[in-house]
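Visitor: I would like a close look at the disulfides of this structure, taken one at a time and set against the rest of the chain. Please go slowly, and say where each cysteine sits.

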Amino acid sequence: MARLRVLLLTLAVLPDATLAEEQQGVRRHRHMRRQGPFQEFKSVPPNRFGTPQEGQEHSETVNLTMGSSKDTEGKVVSQWACALMCASRATQGCCSYQGELGVCEFQPGTPGTNATVPGWTQARCTPGYATAKCAPWEQGKCMGQAQPAAEGLAIWELLWEDHFDTDTCVLDGSGVLRPSPEFWSSEIGYKRGKELQWYQPENAECRNGELIITARRERQSWEKPEGSQCRVVGWEDKEQPLDNKSCGVCAPPYFQYYNPCDLVRQDDSGSAPACDCSQSAEFTSASLMTKGKKEFSYGLFELRAKIDTRPGAWSSWWAIGDFDFVPWPKNGQIDILDAFQHMLKASVTHAGESGLPSSAIQHAGARMLDRDWEKYYHTWQLEWDSDFIQIRVDGETLLKVDLKVADAVRTSWPNPFTRAKKFFLILNLAIGGHAGGDATLTEFPMELRVDYIRVFQKRGYTS
């Protein structure tokens, strides 16, 4: 009977313990940092990529650490490992291995071999099915200009991240967690692209470790606002007087973005426009940017998010060059996440010969989506170095651009994507505009949910 009571007590405790472990696992996941590769893996049979020499022992566990012993640090540990590295090139060539030194080399094409070179073995590599087979192995060395058998892996160091939790988000006056002002500034007003939303900071909050940008319908299109569409707030400049009527050009359908719509209030409200059209807005949403706070150039940028591309919604994560007195498109633009009307787009934009917005050149790639895909979170990445920009979603490449395409010899303007020029990030959920579509029949609210943003810097390559 006593044993039965102990068993029942154990069973009663297990669910709570399991729940605690799951919660702890979630916390570990949220604050996870990129770790190195797995330290070991079970090998495939040795004769798949080349049979070891007679008498050579074959271990079922291959150590990838390379730094665990001074004797093997920086060395290729076996002929079999060398064969795998050469096979990864997936091209015709010749693979050479020197066991005592742990050196593995590759010569592309059909170079000759020298069977009299002591201590070396070599094998021909035959490509096929996006890989290659390097076998059989024989005494000798491939001749010609040697190359490393395989390129090293990039070493990425975490430069900045925001998990939108209590570690970074801050409480506002009403007790709501908002994105960190150390990293982010909120845009306010109608900003670009004839989009229908009035941007305001109240539509972005941190909840349960996520950034949630919410787009809301504030009124129906047939419901006309009372009084003026826009009103003057915080403006007392006598040299340029403002009134409610003159501010009306800032609202739909005019969407004027220059004077007087770009005038900022002369008070402590920050960047709020003097022409306040918020009371007549049909839609509101939020746009956050890191300008002047967190700016980057080459690196690996990663975002995990859940999007909504129903008619009207236009979710974006993009980067803009922040150069003094260099206007768009000469400053360059990288659209990492651009989602609208069940489509996912990635693009790179720069100036054409005239340098004017009307001649901007865009290089883009896109995929169609469905509602099932949008039920889940997905991961976007931008990899950017001095030679190329590559944009991926869930590991699949949407766009890869050779940055020579924006060189001055082709555009007459300096390349904005090279020489480590600084770009800032923008996160927003727009409504309508040039790409979002018609939101008339769409049910609101709509959300852009962001789990995290991380930025890594390349520190070199593995040997």
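Guide: The model is a predicted one, and the secondary structure of its protein chain comes to 5 helices and 32 strands. Of the 463 residues in the protein chain, 44% are buried, and the accessible surface comes to about 25,100 Å², with 53% of that area belonging to carbon and sulfur atoms. Among contacts between residues at least 6 apart in sequence, 66% join residues at least 24 apart. With that setting in mind, we can turn to the cysteines.

The structure holds 8 disulfides, and three of them can be followed here in detail. A disulfide is a covalent bond between the sulfur atoms of two cysteines.

Let us begin with Cys82 and Cys104, which form a disulfide with their sulfur atoms 2.0 Å apart. The link of Cys82 and Cys104 is right-handed, with 80 degrees about the S-S bond. Because Cys82 lies in helix α2 (residues 79–87) and Cys104 in strand β4 (residues 103–108), this pair ties together parts that are 22 residues apart in sequence. As for the surroundings of the two ends, Cys82 is buried, with a relative accessible area of 0%, and Cys104 is also buried, with a relative accessible area of 9%.

The next pair is Cys94 and Cys142, joined by a disulfide whose S to S distance is 1.9 Å. About the S-S bond the value is -75 degrees, and the link of Cys94 and Cys142 is left-handed. Here a strand is found at either end: Cys94 lies in strand β3 (residues 93–98) and Cys142 in strand β9 (residues 141–142), so the pair ties together parts that are 48 residues apart in sequence. Cys94 counts as buried because its relative accessibility is 0%, and Cys142, at 0% relative accessibility, counts as buried too.

The third pair to consider is Cys169 and Cys206, for which the S to S distance is 2.0 Å. The torsion about the S-S bond of Cys169 and Cys206 is about -70 degrees, so this disulfide is left-handed. The pair links distant parts of the chain, with Cys169 in the loop between β11 and β12 and Cys206 in strand β16 (residues 204–207), 37 residues apart. Both Cys169 and Cys206 are buried.

The loop that carries Cys169 deserves a further remark on its backbone. Phe164 lies in the loop between β11 (154–162) and β12 (170–171), and Phe164 has a positive phi of about 55 degrees although it is not a glycine. At 0% relative accessibility, Phe164 counts as buried. Another residue with a positive phi is His342, which has a value of about 60 degrees although it is not a glycine. His342 is placed in the loop between β25 and β26 (343–350), and because its relative accessibility is 25%, His342 counts as partly exposed.

Two cis peptide bonds can be added to this account of the backbone. One of them joins Trp328 and Pro329, with omega about 5 degrees, and Pro329 is found in the loop between β24 (313–321) and β25 (333–340). A cis peptide bond also joins Phe444 and Pro445, with omega about 5 degrees, where Pro445 has its place in the loop between α5 (433–436) and β32 (446–461).

Finally, the nonpolar interior gives a background to the buried cysteines described above. The largest nonpolar core has 55 residues, of which Trp317, Ile334 and Trp380 touch the most other members. Leaving aside neighbours within four places in sequence, Trp380 is in contact with a list of residues that includes Phe301, Leu303, Ala305, Ile307, Trp317, Ile336, Leu337, Leu344, Trp373 and Val393, and also Glu302 and Arg392. A second, separate core of 17 residues includes a cysteine, Cys277, together with Tyr190, Leu242 and Ala281.

Terms used: Residues are numbered from 1 along each chain as its sequence is written. This is a predicted model: local features need pLDDT of at least 70, side-chain atom pairs count only at pLDDT 80 or more; totals for chains, interfaces and linings use all residues. Side-chain values use heavy atoms; hydrogens and water are left out. Helices (H or I, at least four residues) and strands (E, at least two) are DSSP runs, numbered from the N terminus. Buried means under 20% relative accessible area, exposed over 50%, partly exposed in between (1.4 Å probe, protein chains only). Contact means heavy atoms within 4.5 Å. Accessible areas come from the Shrake-Rupley method with a 1.4 Å probe; for residues, only the protein chains shown count as cover. A nonpolar core is a set of buried Ala, Val, Leu, Ile, Met, Phe, Trp, Tyr and Cys residues joined through side-chain atoms within 4.5 Å. A disulfide is a pair of cysteine sulfur atoms within 2.5 Å.
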